[in-house]
Amino acid sequence: MNSLTAISPVDGRYRSKVENLAAYFSEYALIKYRVLVEIEYFIELTKLDIKGLSDFPEEKYQALRAVYEKFEEEDAEKIKEIEKTTNHDVKAVEYFIKERLAKLGLTKYEEFIHFGLTSQDINNTAIPLSLKEAVYNEYIPLLDDLILTLNELAQEWKNIPMLARTHGQPASPTRLGKEIFVFVERLDIQKQQLLAVPFSAKFGGATGNMNAHYVAFPKIDWVKFANDFINGSLEIERSQTTTQIEHYDNAAALFDAMKRINSIILDLDRDMWTYISMEYFKQKIKEGEIGSSAMPHKVNPIDFENSEGNIGIANALFEHLSAKLPVSRLQRDLTDSTVLRNVGMPLAHTMIAIKATLKGLNKLLLNENKLNQDLEENWAVVAEAIQTVLRREGFPKPYEALKSLTRTNEAITKASIAAFIETLDVPENIKEELRSISPQNFTGINMVDR
């Protein structure tokens, strides 16, 4: 595949950023995970005392597992070739494995490949298994990198005073590190909620009742067998009572959790973009890089913009997945099948976004002069501090007194605040306390250290 001719930017422009995901969400990957599930299921069957399988030689387990452990693209191509005849993707996997059994001299056992199953027992197990491994192997480590980077910046800037803005207007000062730490805490909380969502699989025969298994071997506890196989061997969670397909309720919960995390990152992107526009940050300049084809002076916050755009795509797809997948007509319709093939797309755009955010954060250069300038130009924000101290002292109507001073179109300066303090009928020690308050130190509790 040539990245220049790819239809999706995930496989084109951004391929280098998310190529690891091909091991989980490509057609090759889906086929490989199907082979894995079929073989591991067959091996579990051989451990039962059932007619026609109880004499299976255990020493062949390793050779069987090698079929998926050493699965190559040419194996996937072979299965796709078989599919041209069967016109059924999972049946093609079954025939492929039977061919491998024959090569291992195990033909007598071949009818226990895909025994009693429908294709959704394989798909609805292979996909959550691949999704789990992608989330834990690729997504969570990248999210942890973002949280760690933000936490390091929060610690570095924890004592940097900054003018806060509510409704875009100057508000009680804060600390830059604390404002970054807000995102550390939000992301960490949502990450824990995401990790609590099980990766659920459906494994119960054609319509969820183990019909074929039970009619062939009614004395076996097939529910226990299926639970032990899915929960134990594959380490995902079996949905006990299902139709032909998985409910996808937990998949929807996972996608919603990822969407919430993305929304937090988007919120961060917009804040950082705004801080850059306010000149609180400058950006590291890369030799040879061009910010504008027409304006050579520009160093644009393109990484945060790139992240925001990719999050928009990812969240639109997550929204559709979580809304559509749990809904199916009667015991099943086919609408989930084509939708499931796109599970990797929002994850890819999410990872592109996180990498862009990380790149943007690593370019930031703190401009303390600009932060201090904004504080000095907004002495009106100490009005809250002054009126609160006056309330404590029982001063009559302190809020109204500060309102008449500050709610005007005239600039409030250090000098005008000092002059106002001198007019107050309070003891000298209280005036001295009020004089000590400034926009730089009226920053409250240092929440990063809490």
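Lysine 431 is a bit of an oddity in this predicted model: the residue is buried yet has no salt bridge. The nearest side chain of opposite charge belongs to glutamate 422, and that is 4.3 Å away. With the cut-off for a salt bridge set at 4 Å, the pair therefore does not count as one. Glutamate 422 still has something to offer, though, since its backbone oxygen is reached by the side chain of lysine 431 at 3.2 Å. Lysine 431 itself sits in helix α19, which covers residues 428–435. Leaving aside residues up to four places away in sequence, lysine 431 touches Ile421, Glu422, Leu424 and Val426.

Elsewhere, charged side chains do find partners, and a search of the whole structure turns up 32 salt bridges. One of them joins glutamate 27 to lysine 80, with the closest N and O atoms 3.0 Å apart. Glutamate 27 belongs to helix α3 and lysine 80 to helix α5 (residues 73–86), so this bridge ties together parts that are 53 residues apart in sequence. Both ends are partly exposed: the relative accessible area is 29% for glutamate 27 and 31% for lysine 80. The two residues also belong to a network of salt bridges, where they are linked with Arg34, Glu83, Asp89 and Arg341.

What about salt bridges within one helix? Aspartate 374 and lysine 370 give an example, both lying in helix α15 (residues 368–376) and four residues apart, about one turn of the helix. That spacing fits the general rule: an α-helix has 3.6 residues a turn, so residues three or four places apart point the same way. The side chains of aspartate 374 and lysine 370 meet at 4.0 Å, N to O. Here both partners are buried, aspartate 374 with a relative accessible area of 7% and lysine 370 with 19%. The bridge between arginine 329 and aspartate 333 has its closest N and O atoms 2.8 Å apart, and its ends sit in contrasting surroundings. Arginine 329 counts as exposed at 57% relative accessibility, whereas aspartate 333 is buried at 13%.

Helix α4 (residues 61–69) shows how burial can be laid out along a helix, its buried residues being Tyr61, Leu64, Val67 and Tyr68. Seen down the axis of α4, these residues fall within an arc of 115 degrees, so they line one face of the helix. The face turned away from that buried side carries the exposed residues Gln62 and Glu69. As for what covers the buried residues of α4, the list includes α3 (27–46) and α6 (89–103).

Aromatic rings come next, with 18 aromatic pairs found across the whole structure. Tyrosine 275 and phenylalanine 281 make up an edge-to-face pair, 6.3 Å centre to centre and with 65 degrees between the planes. Both residues are tucked away from solvent by the numbers, tyrosine 275 counting as buried at 13% relative accessibility and phenylalanine 281 at 3%. In another group, ring pairs link Tyr41, Phe203, Trp222, Phe225 and Phe229 into a cluster.

Burial is not limited to helices either. Threonine 118 lies in the loop between α6 and α7 (119–156), yet at 15% relative accessibility this residue counts as buried. Not counting residues up to four places away in sequence, threonine 118 touches Lys202, Gly205, Ala206 and Gln244.

Definitions and conventions
Residues numbered from 1 in each chain as written. Predicted model: local features only at pLDDT ≥ 70, side-chain atom pairs only at ≥ 80, totals over all residues. Heavy atoms only, no water. Helix = DSSP H or I, 4+ residues; strand = E, 2+ residues; numbered from the N terminus. Buried < 20%, exposed > 50% of the residue type's maximum accessible area, 1.4 Å probe, protein only. Lys, Arg positive; Asp, Glu negative; His and termini not counted. Polar contact = N/O pair within 3.5 Å; in protein donor to acceptor, adjacent residues only side chain to side chain. Contact = heavy atoms within 4.5 Å. Arc of directions from axis to C-beta. Phe/Tyr/Trp six-rings, centres within 6.5 Å; stacked < 30°, edge-to-face > 60°.
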